[in-house]
Amino acid sequence: MKPRLHYFDMLKGIAIFMVVMGHVLTMCVREIDRAAIFKFIGEVHMPLFFFISGWMAMRLGEGGNVATPSLLPRAKRLLLPMLGASTLWLYYFPLSGLESPLVSTWEGLWSNEWKNGYWFTLVLFEIFAVYAAITPLLSRCRNVWGGIAVTAAAWAVMLACQAIMPPMWVGISSLGLAATFFPIFMAGALAKKHKDGFGRICESSGAVTAALIVTALCLAFVCWPWKYGFANEYNLIAARVILHLSLAVIAVATVKPWSERAFSPERSAPGRLADMWRFIGTRSLSVYLLHYFFLFPLGAARPALEALGLSFTPLFVFSATVAAAIVALALCADYILSFSKPLSLLLTGSEPPKQPSVTK
């Protein structure tokens, strides 16, 4: 068995924590979506998940051929809990006290692009399906440019389908979101296939410096496009792709060395903070599926936060503090559900580990 990549688990842990922070702001406090921290969080966390998913999806067989992933296990892990958790959320939502911006109804589950907040699992499965379809072409590509060309062609087909499909079907399929995150998923897959080259980029001070500058510029453009006279749909799409790529480089370049130090064989125990993020990352899908049930109204805090000008630091401290409690509750729920194989599979997409048999 290959050693687990702890830095990817840590990145997933950090990213899912940011997801909860964002939902604290937009669903619990409400009406402060214009805050800079909310815009920052919204552009950062999901690209990391899709990049890591693409990396994990890429498996090379004999002769460098790209293995075609099986979709059935992924449907079981992604679509089944999406339906299970979202259906339960429909009945729980009226008791939550939230005034969600989501369409938390059956209509929202089936026809709204955001799927009552559970869009990620559907979109990831759809991207897996497209990836499975193009793996024979990827196997023929011996260099990264061929892989980029295949990715661009598949992405163009997705964008064309989005343009010609009726809006209702675009909403039902969440195709717009799939097209948004397909490039960064494929970037993860190609980075895995050419991991030596990607590793050199992440270890290059010049490349990381350039990625930091590009990220800052693209974030400003994507978050506040109305400030720029040249902003249009196509420029925003291009800027978001570049932003996602530079974020992936920064994330790996900063967290991988931290992981290597924290989980070094020379240490008697892993670093506590790194191990915390690693643990949360291993349960990131469960936290994503369950955390909605622990969100609660925080509108009373909005006047005080607005009086502070929705500035970055107070909102960061506030949302991180509340998110820590919500993630802890979601992990407790995940632990309790782990004792029931059917419920664990239906609501978290995971099967409890088999208990060792005891022989007398």
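**Salt bridges and cysteines in a predicted model**

Q: How does R283 count, buried or exposed or partly exposed?
A: R283 has a relative accessible area of 23%. Buried means under 20% relative accessible area, exposed over 50% and partly exposed in between (1.4 Å probe, protein chains only). This is a predicted model, in which local features need pLDDT of at least 70 and side-chain atom pairs count only at pLDDT 80 or more, while totals for chains, interfaces and linings use all residues. R283 therefore counts as partly exposed.

Q: Which residue meets R283 in a salt bridge?
A: A salt bridge is a side-chain nitrogen of Lys or Arg within 4 Å of a carboxyl oxygen of Asp or Glu. Residues are numbered from 1 along each chain as its sequence is written, and side-chain values use heavy atoms, with hydrogens and water left out. At 2.8 Å, N to O, the partner of R283 is D334.

Q: How many residues apart are R34 and E306?
A: The side chains of R34 and E306 form a salt bridge at 3.7 Å, N to O. R34 lies in the loop between α1 (6-29) and α2 (36-57), and E306 in helix α14 (residues 302-307); helices are DSSP runs of H or I, at least four residues, numbered from the N terminus. This pair links distant parts of the chain, and its separation is 272 residues.

Q: Why does C28 form no disulfide, and which cysteine is closest?
A: A disulfide is a pair of cysteine sulfur atoms within 2.5 Å, and the whole structure holds zero of them. The sulfur of C28 is 18 Å from the closest cysteine sulfur, too far for a bond, and that sulfur belongs to C332.

Technical notes. Helices (H or I, at least four residues) and strands (E, at least two) are DSSP runs, numbered from the N terminus.
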